Amino acid sequence: MNDFEKGLLLGVLIGEGHFGGDGRQPHITVRMHTRHVALFEWLTRLVPGSRLYGPYRHGGGITASGWCGGKP
């Protein structure tokens with residue numbers, strides 16, 4: 001991962017990331033409008049083990065959700 005990719009990933013996580021877990025394994029969820037699907041696809045290629053879910057309709061908008069969790 002080059003410096004640009006690290007910076008973009010960090011910016012997405014700071015701006016859109018939700019950090020949680022189920023008590024056994026930590027996870028990070030990123031939820032954005034589906035117009036950002038190209039960014040989601042890039043993130044799933046960049047971060048091994050990540051997944052893309054959606055689209056979901058909620059509150060008049062359409063969102064997609066990306067997820068990454070478990071052991072590094």
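**Exercise 1. Which residue caps the N-terminal end of α1?**

Solution. Asn2 caps this end. Its side-chain oxygen lies 3.0 Å from the backbone nitrogen of Phe4. That fits a polar contact (N or O atoms within 3.5 Å; within protein, one must be able to donate a hydrogen and the other to accept it, and residues adjacent in sequence count only if both atoms are side-chain atoms).

This is a predicted model: local features need pLDDT (the predictor's confidence in each residue, from 0 to 100) of at least 70, side-chain atom pairs count only at pLDDT 80 or more, and totals for chains, interfaces and linings use all residues. Residues are numbered from 1 along each chain as its sequence is written, and side-chain values use heavy atoms, without hydrogens and water.

**Exercise 2. Check the span of α1 against its 14 residues.**

Solution. Take 1.5 Å times one less than the number of residues. The expected span is 20 Å. The end C-alpha atoms are 20 Å apart, which agrees. Confidence is highest in this helix, residues 3-16, at a mean of 92.

**Exercise 3. Is Thr29 buried or exposed?**

Solution. Find Thr29 in strand β2, residues 26-33. Its relative accessibility is 16%, so Thr29 counts as buried (under 20% relative accessible area; exposed is over 50%, partly exposed in between; 1.4 Å probe, protein chains only). Beyond four places in sequence, its contacts (heavy atoms within 4.5 Å) include Glu16, Ser65 and Trp67.

**Exercise 4. Describe the setting of Thr44.**

Solution. Thr44 sits in helix α2, residues 37-46. It is partly exposed, at 28%. A polar atom of its side chain lies 2.8 Å from the backbone oxygen of Glu41.

Conventions. Helix = DSSP H or I, 4+ residues; strand = E, 2+ residues; numbered from the N terminus.
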